Amino acid sequence: MNIRLAKFEELTPSTLPFVEGKLEGHKERKNYSILGPGVAEDANQSVKISEPHGFNLGAVSAKPLNGSGLHSHLTAEVFIIYSGTWRFYWGSRGKDETILNSGDIISMPTNMFRAFENAGKEEGLIFVVLGEDDPGIVTWMPEVLEKAKKTGMALLDDNSLIDLNTQAIPNGRKLLDPISKSEILKFDNYNIDQLKKNICDNKKRSQNEFDIGNNIKISHTLGNKFQNKLIDPIIKQDTGFSLSTFKSTKGRVENLNIDKPTIFFSQKGKWKIELENSSYDICYKDTFSVPVGSKINIQIDESEESFLNCVSKI
């Protein structure tokens, strides 16, 4: 039987997920692959739900002043801030930046260098949705690879990770060449005003939510369809998936038809998802993959406002 429920407390993180993982400012972080392999360069990265959904879900926790180096992706990358204060910066020089807090969402454009850092005083957590079943490889700024090599970490020309302190370069392989200056110029850049349209903060989300009955509200951050109805999302970017958020303290919604690969993951509170012959408790940070073709009910009974994220393939 396919694994459907991923309890966060049972996940096995990688502490060296990427080539820059031994550098100061990057080594105090953990990478979780919840649904799909993501883009981790660690060949031993544990994946909890392996069934293809058309997108990937992961998470990153980091201590203060730790995060990722400047890199780019081939598919969509959407960050959902679960806890803490985070600095996101972008462009080949990383000179543009914004600060996001719990509940905020940012959808990064493809073909653009980006990085993030815990800007708070305590360990923080973000969830990350990546587009497509295979999000492809990570492209690093050359200085990231150069600094990483001084710690012994490098990438081979097949983009596999190697620790030169303990491993020899395999026969037939060589170290990956950093991209050239002319290749860097082919990447896009955006100023903060241009990228604002890809950010959904708590205020914007609350201004765009509506009742779906029985004391549950919903907001649509990404994707132009929900339950086979056309919608107007807050962020108008084609990512290949939709992202919606349910909000309630005590409420229930019934008879949602799941006809595309879909997951639910709690951002606050314990939610109950009922299928025809079973039910599942989705606690904070847990993820549930709904069998396609199901009709479900969602219920919440908490003492304070709670949130449940939903991602579906379009």
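Of the 314 residues in the protein chain, 52% are buried, where buried means under 20% relative accessible area, exposed means over 50%, and partly exposed lies in between (1.4 Å probe, protein chains only). This is a predicted model, in which local features need pLDDT of at least 70 and side-chain atom pairs count only at pLDDT 80 or more, while totals for chains, interfaces and linings use all residues. Residues are numbered from 1 along each chain as its sequence is written, and side-chain values use heavy atoms, with hydrogens and water left out.

The overall dimensions come next. The protein chain has a radius of gyration of 20 Å, which agrees with the value near 20 Å that a compact globule of 314 residues would have. That radius is taken over C-alpha atoms, and the globule rule is 2.2 Å times the number of residues to the power 0.38. Along the principal axes, the C-alpha atoms fill a box of roughly 60 × 45 × 35 Å. The protein chain exposes about 14700 Å², of which carbon and sulfur atoms supply 46%; accessible areas come from the Shrake-Rupley method with a 1.4 Å probe, and for residues only the protein chains shown count as cover.

Contacts (heavy atoms within 4.5 Å) often link distant parts of the sequence: among those between residues at least 6 apart, 70% join residues at least 24 apart. The chain carries 39 positive and 42 negative charges, and their mean positions are 2 Å apart. In this count Lys and Arg are positive and Asp and Glu negative, while His and the chain ends are not counted. Each charge is placed at NZ of Lys, CZ of Arg, CG of Asp or CD of Glu.

The secondary structure comes to 4 helices and 25 strands. Helices (H or I, at least four residues) and strands (E, at least two) are DSSP runs, numbered from the N terminus. Two strands pair if DSSP finds at least two bridges between them. Strands of a sheet pair through backbone hydrogen bonds, either parallel or antiparallel.

One open sheet has 7 strands in the order 3-2-4-11-6-9-15, with mixed pairing. Strand 3 (47–49) and strand 15 (199–200) stand at its edges with a single partner strand each, so one side of each has no neighbour in the sheet. Within this order, strand 4 (residues 55–62) and strand 11 (residues 124–131) pair in the antiparallel sense over 8 bridges. Ser 61 has Leu 125 of strand 11 as its bridge partner.

Strand 17 (residues 217–222) contains Thr 221. Because 5 of its 6 residues are buried, strand 17 is largely enclosed by the rest of the structure. Thr 221 itself counts as buried, at 0% relative accessibility. Leaving aside residues up to four places away in sequence, Thr 221 touches Ile 105, Cys 200, Pro 233, Ile 234, Ile 235 and Leu 243.

Strand 17 also pairs with strand 16 (residues 209–211), running antiparallel over 3 bridges. Asp 211 has Lys 217 in strand 17 as its bridge partner. The hairpin of strand 16 and strand 17 has 5 residues between the strands, and Gly 213 there takes a positive phi near 100°. Another partner of strand 17 is strand 20 (residues 241–258), paired in the antiparallel sense over 5 bridges. In that pairing His 220 stands opposite Ser 244 in strand 20.

Further along the chain, strand 22 (residues 271–274) is joined by 4 bridges to strand 23 (residues 279–282), and the two run antiparallel. A hairpin of 4 residues connects strand 22 to strand 23, and Trp 271 has Ile 282 in strand 23 as its bridge partner. Strand 22 is also joined to strand 25 (residues 294–313) by 4 bridges, again antiparallel. Here Ile 273 stands opposite Ile 298 in strand 25.

Some loop residues complete the picture. Arg 93, in the loop between strand 7 (85–90) and strand 8 (96–101), counts as exposed at 68% relative accessibility. Its C-alpha atom is separated by 9.5 Å from that of Arg 114, 21 residues apart along the chain.

Asn 159 has a positive phi near 65° although it is a residue other than glycine. Asn 159 is found in the loop between strand 13 (153–155) and strand 14 (161–163), and counts as buried at 18% relative accessibility. Asn 228, also not a glycine, has a positive phi of about 65°. Asn 228 is found in the loop between strand 18 (225–226) and strand 19 (229–230), and counts as exposed at 63% relative accessibility.
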